[in-house]
Amino acid sequence: MTIISRRGIYLPSHKKETLRKPVESAGMPDRLAIPLFLYGETDNPCVPSVSEDSRVRKYETVGVFASGFQAISPADATVREIREIGGLPYLILEPDEEQQEPFPLPALDPKMVLENEIFERANRAAVTAGGRPLSEVLDTYKKRDVIQLWVDAICDETYSTASIELLRTRGEDLVSGLRLAARAIGAQAGGILISAFSSYGLPEEVDGLPVEKVLGKYPLRDRVREKLAMTQGELLDAGALLGLHEAVILGKGDVETLVTVNGNCVATPKNLWVACGTPVNYLFDVCGLTEEPTCFLLGDAMTGRLADREDPVALGTNTALAFVTDKIRKRACINCGRCIERCPQMLYPTEIARALDAKEYEQLLRQNAVACTGCGVCSYVCPVGIDLTVKTKRAVRQARRLLEEEELAKAQQMLPNAVPEEEPKPVLSAFGRDDLLDPVSYEPEQETLSFFTKSLPPPKKQTAQENKNTQKKPSSKKTDGKKPPAAGKSSPKGKPGGKKTKKGAKK
Amino acid sequence: MTRTKTAPFVRQGVSSMAISIDVLLAGLVLLAMSYLYYGWRPVLLGLIGGISSLAAQILVSLLLSRRLPARPVSAAAYGLTVALLLPPSAPYWMPMVGGVFATAVACVPLGGEGHSPFHPAAAGASFLTICFAGQMFAYPAPRAPMTNFLPLGDTASVLAGTSPASVMKNGVSPLTTLTEAVTGQAAGAIGATFILIIAACAVYLIARRAVYLSSILSFLAGIYLIGYLWPRLSTGPITSGLWELLSGSAVFVAVFLVGDRRYASKHFWVRIGLGLLTAAVCMAMRYYGVYEQGAFFAVLLINAVVPLFDRRLTHLFEKGGVSHAEE
Ligand code: SF4
Ligand code: SF4
């Protein structure tokens, strides 16, 4: 076991609610929203390759990104429309009631497969890692001369257990994916990394590769990355590696993701296989609710983001949470220094926030604000509930901008006649959502704080029509008469009886 | 557990009374101890200090921002701290004046809790010392617990005592034994003579992350070291150092003022350095000043330089994003 200590925090854990429980399929909702953008890419717009009312088969290409990466259909479906959800463009599909067996791509021999074939297959099967095409991530690692790759099954936040369950149920496939990724970049497959706190019942090794336990405070993943970087090692997301294994060995597209569904009003927290594009409220209909949530989160409690009930689950999303909350007054800083003491990056968050407010941008650079990882520790420990992370994330962007300007000025000094190349316009900019381009920068304006309690303000406003839609949504046509319970009602067994195409079932 | 509209959506525990409530509780324990020795009078003084400070905060907040204060407990804690630095026989108006000064002059108008340039309680105590030095150091004679309580009314007939600090100011060894000095049987301020209880309060406050151990220890180490190196007593450097520690409210000031994390530097080595500097200033005042003790003046002076270190010079001590010796 590797022990990593340094600043940071021990987070409360709600993992046992979903750990070592059977992994289920969420089934198919009656609407899927395929994003025509990539969260991690600023200049990669996607043009749909299908027209309205056309029929698509599972794994069929429905859009092509500027980079050549493809968006594929998670189901046999009819194309309905292009619609904006939360200001972002999505292709709306209506899945068929009866799902046919998909046509997989030809399987490749893992021993004979060539490096470029792995890259091509990852692109064709739309495998993503951290919101970017896996092929691009691997290419970056190759350029950085990464010599060892590890599976990232470190669930270091409060709720997510998806990667641990992937290891438990699909360990050999993860290792196969890791070996393929390592082969693609000429690196060595290191093994699987897990948090020591969630290691109970997991094997010591899988298919000849060690399962290494790491013990330390949140953000453990960042620490592990730092350590690995010292020996030119890197982590790769477990879900992406499973996608790579399925793409190369089984010829399947990466269209499903394992999601931990939990929260303080979820009746039966579960790990569910979810088709990409499934609306978030559908997952809570499957798991049941003890009362109407006031907020949904996509991502875990420390780094996730607020979602509308209609927001679709993207590939790589491994946690969906629902909470009942209460609002309180915002307080002023008392200068206790806990945020400074705990910041894992040894930053001075209050001074960074002050410098940002006072527009003392040089001070941001002196304080090395760019080193902020947006981990949220400073906000978590603040005894008066100040949202410092909002400010420090903004400061990161401001500091980066300053550094870029400085570099540009330097370059112009060296080449006074050089004309800067025009940047391609990011697709999200067209929708006025630059804040979503960089996951670190996503920060809706915030006025109030809320507590996880039961006495709650009314849920987010919805139009009567939206409400009607929401209630109707999960009652999929393929439920064989068994409709999932409506939101707000407890349902331990509540899950749609739609045709299931889960990954677990593929094995 | 809390949630905001942005990540993180969980919180460690949010309270509008963070730190202040712990200081207040520790102060109340000292007040209870003082009751055992002196009766209700010190308890009333403490309550007057806390309540008048609280009232002043409400009034000033209404005048300045037309809103009720968000954290009234902090003001009560400052007022109580000032009262704990007064003699048990002090007149009732003294904690009132000190508490009101601490909050209405030294805290709310100058930035509020944690952001005013000086620790409000240190400011209140210094103000009283400068204006009413006679009453500030007029301690009653020490007494055994639950025997001879102070009168609630006129204290003119109360037998005056001599505090170890005032004796030492004249270069004479205190008559009190060290055991008496740590168990509250020496003449001194309401909260400052129960050294053992203050130590217990320090453990509580450290556990609650309300004070910095590094600040407390560096300040006390500095006092002892200077007392040891330049002894005022003829009994030798060790006893001299010890008496410097146990007299002049040094331990109380270390825990409640020097250690207060809202007013201390946020950098370990700066805290150590400033703790030693505070001790040096405090000892210089004891050796060369007009008053028998100068701990709260020293705190005031050093408070003023903390923002310089923390704001302008932080990047010299720590550089975010790089590996650190702590690992
Ligand atoms: S969000 Fe940034 S400033 Fe806050 S604790 Fe994390 S790294 Fe430090
Ligand atoms: S933890 Fe909160 S109250 Fe304490 S210094 Fe940081 S921002 Fe201020």
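Author: A helix is a DSSP run of H or I with at least four residues, and a strand is a run of E with at least two, numbered from the N terminus. The model discussed here is predicted. Thr18(A) has its place in the loop between β1 (2–4) and β2 (24–25) of chain A.

Reader: Why is Thr18(A) called buried?

Author: Buried means under 20% relative accessible area. Thr18(A) has 1%, so the term applies.

Reader: What joins the side chains of Thr18(A) and Thr161(A)?

Author: A polar contact of 2.8 Å joins them. The cut-off for such a pair of N or O atoms is 3.5 Å. Thr18(A) also touches Tyr159(A), Glu165(A), Thr260(A), Val261(A), Asn262(A), Pro269(A), Lys270(A) and Asn271(A), leaving aside residues up to four places away in sequence.

Reader: Arg20(A) lies in the loop between β1 and β2 of chain A as well. Why is Arg20(A) called partly exposed?

Author: Partly exposed covers values between the 20% limit for buried and the 50% limit for exposed. The relative accessible area of Arg20(A) is 40%, so partly exposed is the right class. Arg20(A) also has a positive phi of about 60 degrees, although it is not a glycine.

Reader: Ala126(A) has a positive phi of about 55 degrees and is not a glycine either. Where is Ala126(A) found, and is it buried or exposed?

Author: Ala126(A) is in the loop between α1 and β10 (128–129) of chain A. Its relative accessible area is 5%, and because buried means under 20%, Ala126(A) is buried.

Reader: What makes Glu101(A) exposed?

Author: Exposed requires over 50%. Glu101(A) has a relative accessible area of 69%, therefore it is exposed. Glu101(A) is in the loop between β9 (88–95) and α1 (115–124) of chain A. Its C-alpha atom is 9.9 Å from that of Ala75(A), with the two positions 26 residues apart in sequence numbering.

Reader: What kind of peptide bond joins Tyr218(A) and Pro219(A)?

Author: The bond is cis, with omega at about 0 degrees. Pro219(A) lies in the loop between β15 (209–216) and α4 (220–230) of chain A.

Reader: Which residues are the closest to ligand 1?

Author: Cys343(A), Cys372(A), Cys375(A), Gly376(A) and Cys378(A) are the closest of 13 surrounding residues. Two or more residues of this shell come from each of α10 (377–381) and α11 (388–414) of chain A. By class, the shell holds seven nonpolar, six polar and no charged residues.

Reader: What is the make-up of the shell around ligand 2, by class?

Author: It has eight nonpolar, three polar and no charged residues. Among them are Cys333(A), Cys336(A), Cys339(A) and Cys382(A), together with Ile334(A), Val384(A) and Leu388(A). Cys counts as nonpolar and Gly as polar in this scheme. Gly337(A) is one of the residues around ligand 2.

Reader: What does chain A contain in helices and strands, and what share of its residues is buried?

Author: Chain A has 14 helices and 23 strands. Of its 507 residues, 59% count as buried. Chain A exposes about 20,800 Å², of which carbon and sulfur atoms supply 52%.

Reader: How many helices and strands has chain B, and why is chain B called as compact as a globular protein of its length?

Author: Chain B has 16 helices and one strand. Its radius of gyration is 20 Å, and the globule rule gives 20 Å for 327 residues, so chain B is as compact as a globular protein of that length. Its C-alpha atoms fill a box of roughly 65 × 45 × 30 Å along the principal axes. Buried residues make up 57% of chain B. Its exposed area is about 12,700 Å², with 70% supplied by carbon and sulfur atoms.

Reader: Why does Gly39(B) count as buried?

Author: The limit is 20%. Gly39(B) is at 0% relative accessibility, so it counts as buried. Gly39(B) is found in the loop between α1 (20–38) and α2 (40–65) of chain B. It touches Ser34(B) and Phe149(B), not counting residues up to four places away in sequence.

Reader: Which residues of helix α11 (residues 237–246) of chain B are buried, and what do they pack against?

Author: Ser240(B), Gly241(B), Trp243(B), Glu244(B), Leu245(B) and Leu246(B) are buried. The elements they pack against include α7 (164–169), α10 (213–229) and α13 (268–288) of chain B. Gly248(B), with a positive phi near 60 degrees, follows α11(B).

Note on methods
Residues numbered from 1 in each chain as written. Chains lettered and ligands numbered in written order. Predicted model: local features only at pLDDT ≥ 70, side-chain atom pairs only at ≥ 80, totals over all residues. Heavy atoms only, no water. Buried < 20%, exposed > 50% of the residue type's maximum accessible area, 1.4 Å probe, protein only. Polar contact = N/O pair within 3.5 Å; in protein donor to acceptor, adjacent residues only side chain to side chain. Contact = heavy atoms within 4.5 Å. Near = heavy atom within 4 Å. Rg over C-alpha atoms; globule rule 2.2 N^0.38 Å. Areas by Shrake-Rupley, 256 points an atom, 1.4 Å probe, with all protein chains shown as cover.
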